[in-house]
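Me: I'm new to reading protein structures. Could you take a close look at one part with me and walk me through how the pieces there sit together?

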Protein chains: 4
Amino acid sequence: MANLGFIGLGVMGGQMVNRLIGKGHTVTGYNRTRSKAQPLVDRGMKWADSPRAVAAAADVTFAMVTNSAALGTIAEGPDGVLAGLSKGKVFVDMSTVSPNVSRSLAAKVREKGADMVDAPVSGSVITLQEGKLSVMVGGRRETFERLKPVLQDIGPKVTYVGDNGLALSMKIAINLSLATQMMAFSEGVLLAEKSGIAREIAVDVLMHSAVASPMIQYRGPFVLQQPDEAWFDVNMMQKDMLLALEMGRQLDVPLPTTAVSNEFLTAARGMGLAKRDFAVVFDVLARLSGVSK
Amino acid sequence: MANLGFIGLGVMGGQMVNRLIGKGHTVTGYNRTRSKAQPLVDRGMKWADSPRAVAAAADVTFAMVTNSAALGTIAEGPDGVLAGLSKGKVFVDMSTVSPNVSRSLAAKVREKGADMVDAPVSGSVITLQEGKLSVMVGGRRETFERLKPVLQDIGPKVTYVGDNGLALSMKIAINLSLATQMMAFSEGVLLAEKSGIAREIAVDVLMHSAVASPMIQYRGPFVLQQPDEAWFDVNMMQKDMLLALEMGRQLDVPLPTTAVSNEFLTAARGMGLAKRDFAVVFDVLARLSGVSK
Amino acid sequence: MANLGFIGLGVMGGQMVNRLIGKGHTVTGYNRTRSKAQPLVDRGMKWADSPRAVAAAADVTFAMVTNSAALGTIAEGPDGVLAGLSKGKVFVDMSTVSPNVSRSLAAKVREKGADMVDAPVSGSVITLQEGKLSVMVGGRRETFERLKPVLQDIGPKVTYVGDNGLALSMKIAINLSLATQMMAFSEGVLLAEKSGIAREIAVDVLMHSAVASPMIQYRGPFVLQQPDEAWFDVNMMQKDMLLALEMGRQLDVPLPTTAVSNEFLTAARGMGLAKRDFAVVFDVLARLSGVSK
Amino acid sequence: MANLGFIGLGVMGGQMVNRLIGKGHTVTGYNRTRSKAQPLVDRGMKWADSPRAVAAAADVTFAMVTNSAALGTIAEGPDGVLAGLSKGKVFVDMSTVSPNVSRSLAAKVREKGADMVDAPVSGSVITLQEGKLSVMVGGRRETFERLKPVLQDIGPKVTYVGDNGLALSMKIAINLSLATQMMAFSEGVLLAEKSGIAREIAVDVLMHSAVASPMIQYRGPFVLQQPDEAWFDVNMMQKDMLLALEMGRQLDVPLPTTAVSNEFLTAARGMGLAKRDFAVVFDVLARLSGVSK
């Protein structure tokens, strides 16, 4: 069993630690707000007072934080991960940040004699709980091979995609489909509804059809009742879409359905829905169709 | 066990008959080309010489043919289904035709004292073989209830969506997502590829991600190697898209991602790819990205 | 000076007759509602009691009616244009109908020994009054050459585009730009307005910029105050867009900006604005931007 | 008559100086490459050795340079415009830079006791020569009033749009229509061409139609023969489009036709056409239509 560390014990990170403890690994954890970590400590997780302390205690340290700024906060400074890393250790960043930010941090990690991979995931907490999460890994292949058994305890689907940063590029390439699939789904539901089919039935049928991706299966019910709390809000989705569109321009890849879907996220913002789950594009389209909510 | 009939023994229809025989039902079948029916006859299917003969022999007659014209051919005339129907019998049309064509035929069926439902499916032969097919049903609810056990032997997911024609509307509402999901998938693969990720890996990761609908799981590999024979070609896909766009205009539902995706199907035609599987929109986008095939 | 006939004395047709009389031509006219013709009779136009009577009296008979149905009404039957045509006469249809409808009628005209051209115009009553109208002509070249001097009295820009029906194809190819230019104009005005520029100023500047087509110059002020009566309403515009999109599919020409703009016309319908001038797409976009009207 | 300065004597700037001299103004000029200025010196322009010297000599100094970097070069440093400005003088920047860059520079100009306006133009050299240029002005109204007579000698259409930077916002709001109008024009030409109308005729008719903006009148002929040297290349156009799309997101204005058109500029890049005039989107669409060049 491995000697692991985990920084960032939010909903997703916490569940991952749960699984790792369940598989018999030793886990030392840290979170900005300690209270959220208590249930994990009760299950056997060791608490550390700083990211540095986690990295010092563990052979392999995972992080799962919100964005580039949060990654900088846990990585840099006297209490940061970098200060705790040393020869032979590995830092696994599962956060969704820009590929370039990740590559810069990897270079600093290597100056310490340690190594780093980017390992974003595709899926939600539910996917994780169902044991169906997919983990993508960017970095050195030998480091990937070393990490593979532990990542499979989270995964189970684990794929090496290439050099540092490329797992993040891959994640962005996945996420651009999220908004577009949600738009097409909304178009289908509204077309069925205005044909005379009850909305609940349209959603149910679509959720069992050839187009029912896991994302559609999670978010399908949202068009019946938008959730009070967003899983992934319009602003967050649009941040990923803009990363995709920017990459498209740099790499000369036209992204027509991504571009159109993105403008409907902008419309959601214009209608005051920026903090709602991005499934709210259904409501934007419903209003354009004259369908009352 | 039920006394069934089946007209149209192509790949999909033939597999359905197989399943129905396997469940212990009696099946009388007819196909334009008799030779295709021989394996089913060997398994116990009774052969009839005309659609009329099938309808006369069976309590419930299924049909699965290519389009409205083919449906007219098997339904009308001295040897047609209508001529064989009588009080208490049911005609189940599983073909994808326009909702209005289906409603007209249902009216004629009722003049005979029989009843009709439209029952298109979402999924492919593989879905059927895996026992995951979804059947939608439009027509009278009491007729649906009577048919339900037999449809579940095909299905198993069977959903009553409403009056005659509405199951076809629902099918069109599903299909509009097919082309759009394929476009977004193509955008993602090309973005990953031009970032430096091998195409095979990008496809593999996407096929295990939150956007991996059954359709993406079937067609994902096509971007590595387009199939020699189309499963559903550009022209067939575009026919469904045009039905969707036409409904959108009549019902005042804007379909922005459907409309954009449809123009890329037109581009596939312009590039001489009309007879290829609609997954060929990847090739259209690849050419625009300067990616050689 | 020529001996002319004119059927359809609406706003556009009436002004054309005015110009033709002003140039010294003899004009015999007919209109469904006679009262509208009185001012023209006062100016010297001869009144005829039927389309047939017009065609019988004139060497060259013009028509300017609403759609294919109206064209059928004035052309066919015992009182129709066809009944009045004979060897050597010419029928000039300026209505916007489908190219195929026009070609069918031309064939019937030729059976009478007469000839026909389609001659739709690009521009509005104002363009006509300013003497800047553009007339496109489809049919036999020798007939065009014969008509040219008279058409220039309406025009003055007169262009022979090819065989019968092609002038109508050309007109549709022009009209698809109308909705798209209006969409782009609306996007620009809203962007300027939300930047802090007064809407009136934004409109004024755009109307004097490199993108200020005659259409923008007419309709620009509509975003400040939509007209009570549509010049060309959403339904009429969408009919032309659908003709364009249908031609695009038949001829394998992708029309991406046309397709997207068309969905916003559908949105206008969904929002109950079908009878407003198509410039109302500005209001659709304004609502999506959270700009109050 | 006014005592003016002009920095940046390229094609556009040179023609402006020509006009100003023709109107009787005194003009002191500077250009990075002196040789280009010789014809103007021959016509009476005074030469200065640096931007600073121009600003020191003139009451009102104009600049017309390529981008933000070039503006920085002429404005800052010991030989820059800022070093030559003093109380009561005015700096008029006609370059297309980002609104924020312009506002920053204006603040520095005011620290010198001088004032600055942004005054971008809409139109080309031909528009200028025809005396139809439109000048937009952002800054203090009293400064605008003082400058107005001189700007009208360039213009003649001169419009005050609001505070500093807003004339640049207005310019971006205009430019987003350029690419979209060119796309719609290309769609129309190809539709006409594949209907059977000669491309030259289709272009000619469109150039005299209701959609013939000045931009279409300049670039229409480019679809017959793309120019060897771009007037405004794909990369330059896309830079303006990205500024527009970025503003759209910040201000919550959906820009659907802009977004779609932008992806076709990306396609032009993917096809190796980045340095061609942006009218080359016609060629992209032609290739998708199977039309050989």
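Reply: Happy to! Let's begin with a term we will need: a crossing of two helices is called right-handed if the near helix is turned clockwise from the far one by less than a right angle, and left-handed if it is turned anticlockwise. Please keep in mind that this is a predicted model.

Now find H9(B) and H10(B), whose crossing is right-handed. These two helices pack at an angle of about 135 degrees, and their axes are 9 Å apart. That angle makes H9(B) oblique to H10(B). Which residues meet here? From H9(B) come Phe185(B), Gly188(B), Val189(B), Ala192(B) and Glu193(B), and from H10(B) come Arg199(B), Ala202(B), Val203(B) and Leu206(B). Sorted by class, this contact has six nonpolar residues, one polar residue and two charged ones. A general point helps in reading such lists: an α-helix has 3.6 residues a turn, so residues three or four places apart point the same way.

Next, follow the chain to H14(B), which covers residues 281–288. Seven of its eight residues are buried, so H14(B) is largely enclosed by the rest of the structure. Those buried residues are Val281(B), Phe282(B), Asp283(B), Val284(B), Leu285(B), Ala286(B) and Leu288(B). What do they pack against? Within chain B, their partners are H9 and H10, the pair we have just looked at, together with H13. They also pack against H13 of chain A, and against both H13 and H14 of chain D. Just after H14(B) you will find Gly290(B), with a positive phi of about 75 degrees.

Chain C gives us another helix to look at, H14(C). Here, too, seven of the eight residues are buried, so H14(C) is largely enclosed by the rest of the structure. The buried ones include Val281(C), Phe282(C) and Asp283(C). Their partners are H9, H10 and H13 of chain C, H13 and H14 of chain A, and H13 of chain D. After H14(C) comes Gly290(C), whose phi is positive, near 75 degrees.

Finally, let's step back to chains D and C as wholes. Their contact takes 60 residues from chain D and 60 residues from chain C. Between them the two chains bury about 5,000 Å², and 72% of that is on carbon and sulfur atoms. On the chain D side, Glu187(D), Leu191(D) and Ala210(D) lose the most area to chain C, together 13% of what that side buries.

Key: Residues numbered from 1 in each chain as written. Chains lettered and ligands numbered in written order. Predicted model: local features only at pLDDT ≥ 70, side-chain atom pairs only at ≥ 80, totals over all residues. Heavy atoms only, no water. Buried < 20%, exposed > 50% of the residue type's maximum accessible area, 1.4 Å probe, protein only. Helix = DSSP H or I, 4+ residues; strand = E, 2+ residues; numbered from the N terminus. Contact = heavy atoms within 4.5 Å. Axes fitted to C-alpha atoms, helices over the stretch in contact; angles between N-to-C directions. Parallel < 35°, antiparallel > 145°, perpendicular 65-115°, else oblique. Nonpolar A, V, L, I, M, F, W, Y, C, P; charged D, E, K, R; others polar. Buried area = accessible area lost by both parts, 1.4 Å probe.
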